[in-house]
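Visitor: Could you take me through one spot up close? I'd like to see how two helices from separate chains sit together.

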Amino acid sequence: MAGRAAQVSIAGVLLVIGMLLVGQLRSQARPTELTQLSSQDLSTLIETLSERNRELRSGLSDVDEQLREYRAAEAQGQSALDVSREDLRRITAFSGEAPVEGQGIVLAATGDLDAIALNDLLNELRNAGAEALAVDGVRITAGSVCVQGSSSLEIDGVAIGQTFTIRAVGDPNGLLAALERPGGIISQLKLFVHATIDVSQSHQVLIPATQRSLAPYVAKPVD
Amino acid sequence: MSERASRSSRRTRPRKRLRASWALSIAVALAITGFVAAAQWNSSIARQQYTTSAQQVLAAQVVALEQEQKTLRDQLAQANTEVQGFQQESAGSQTALAQLNRQLAAARLAAGLTKVTGPGVIVEIADSKRPVPAGENPANYIVLVDDLHDIVAALWASGAEAITINGERLVSTSSIYGVGASILVNTAFLSPPFQIQAIGANGLLDRFMSNPAYLGRVANRIAAYGLEFATQETGSLTLPAFVGNTRFRWGVPTEGS
């Protein structure tokens with residue numbers, strides 16, 4: 001009888017420990033981390049995630065459209081090679097293997113910008129939805145980063161002078177607003193470095209294809 | 001009677017020992033309970049200080065958006081697989097088809113739209129476990145978006161061919177973006193610890209650790225604030241394909257450069 005009571009109380013204690021442990025673990029998981037962000041940060045996060053989800057939805061409807069084209073070609077017994085050729089054009093434009101043109105912005109910079117500043121500018125533009133980027137004549141691919149070379153900045157082995165131009169294809173208003181917002185990248189750079197940065201919108205920005213080979217040497221595709 | 005007495009005296013001793021061991025285990029259990037309860041209590045006090053109901057509503061919206069995103073990405077990945085299925089089955093001249101499919105496979109590989117495997121390195125970075133000294137900025141002791149920028153820049157500059165951050169494959173349109181103390185990569189919101197995996201030719205780790213982009217800023221922060229940092233060279237890594245929008249809204253491909 002006494003043994004039974006002890007078992008029950010031990011079981012009770014273990015249950016409480018279990019519940020507390022779960023509570024503790026939960027309190028360290030994501031939702032709580034989120035509530036530790038400020039309301040302002042959370043609002044920015046919501047805005048950003050909503051925008052990204054909109055992009056994903058629009059991308060999904062494009063792929064669905066492509067699938068409809070394949071099905072239509074199949075139903076009519078026609079060759080779907082044209083649909084596939086279009087896909088190839090699209091993918092090579094995305095990676096940087098094909099040149100791209102469209103609306104966007106042109107940023108002219110002169111001054112003491114270092115590799116970090118240039119990479120930050122490119123990152124800011126990508127975050128604002130830039131679809132294709134080039135610094136002077138160098139197309140920016142996934143792996144194109146600006147580094148400090150022996151005598152100047154370099155991207156993909158090409159020297160970048162103290163005066164350079166960044167071209168970006170994307171929503172001209174969105175790109176301009178992201179760069180020039182108060183407390184944004186340009187106002188920060190102007191605080192810390194001596195540089196002149198001018199941004200203008202353009203109806204037609206031309207972005208060249210990359211000169212480097214994007215084919216990997218050691219990375220192999222997995223089916 | 002005497003027999004009963006002796007039997008009971010024989011029983012008493014082991015019982016005392018038994019009680020002592022029960023007492024010990026209960027004491028340990030209670031100590032753990034107390035510890036956990038205190039930790040829980042402390043963290044709920046800390047949370048109550050910073051959490052308002054408005055924040056909870058906003059946080060719930062973030063979680064809902066993340067779930068929506070997961071669904072969208074699953075659908076997108078599925079639709080892309082179907083597209084590839086159509087491309088492989090397409091009717092037409094066999095030679096033209098085979099050539100186009102080879103080009104498509106190569107283009108996808110170059111764009112980061114293919115799962116890849118190869119030798120490489122794993123770099124892990126997480127918030128410092130050191131207590132923040134009075135008067136110091138706590139932000140110095142957590143992983144900042146610039147730390148990830150530096151690590152990724154150093155890896156690309158060292159010849160990495162494919163990189164993921166917590167499973168998010170980096171492509172031509174990828175940004176690594178700080179929102180307060182949280183970090184967005186591609187479309188996903190990531191939390192520390194951050195694991196950066198990179199595929200690249202032998203010696204990638206040595207080249208990375210001696211690259212100016214690594215040494216310039218993040219290496220100093222690791223040393224100064226004790227950010228948790230570990231690297232590992234490995235013979236075989238498998239990195240997932242990018243899942244996200246690859247369609248341009250503003251740009252069109254132009255023929256010839």
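Guide: Look at helix α3 of chain A, residues 39-75, and helix α2 of chain B, residues 53-89: they pack at an angle of about 20°, and their axes lie 9 Å apart. This is a predicted model, where local features need pLDDT of at least 70, side-chain atom pairs count only at pLDDT 80 or more, and totals for chains, interfaces and linings use all residues. Residues count from 1 along each chain as its sequence is written, with chains lettered from A and ligands numbered from 1 in the order in which they are written.

Helices here are DSSP runs of H or I with at least four residues, strands are E runs of at least two, and both are numbered from the N terminus. Axes are lines fitted to C-alpha atoms, for helices over the stretch in contact, and angles run from 0 to 180 degrees between N-to-C directions. Angles under 35 degrees count as roughly parallel, and therefore α3(A) and α2(B) are roughly parallel to each other. By class, their contact has 19 nonpolar, 11 polar and seven charged residues (Ala, Val, Leu, Ile, Met, Phe, Trp, Tyr, Cys and Pro are nonpolar, Asp, Glu, Lys and Arg charged, the others, Gly among them, polar).

Now zoom out to the whole contact: 97 residues come from chain B and 91 residues from chain A (in contact means C-beta atoms, placed from the backbone, within 7 Å). On the side of chain B that touches chain A, α2(B) gives the most, with 22 residues. That side divides into 53 nonpolar, 35 polar and nine charged residues.

How values were computed: Angles under 35 degrees count as roughly parallel, over 145 as roughly antiparallel, 65 to 115 as roughly perpendicular and the rest as oblique. Two residues are in contact if their C-beta atoms, placed from the backbone, lie within 7 Å.
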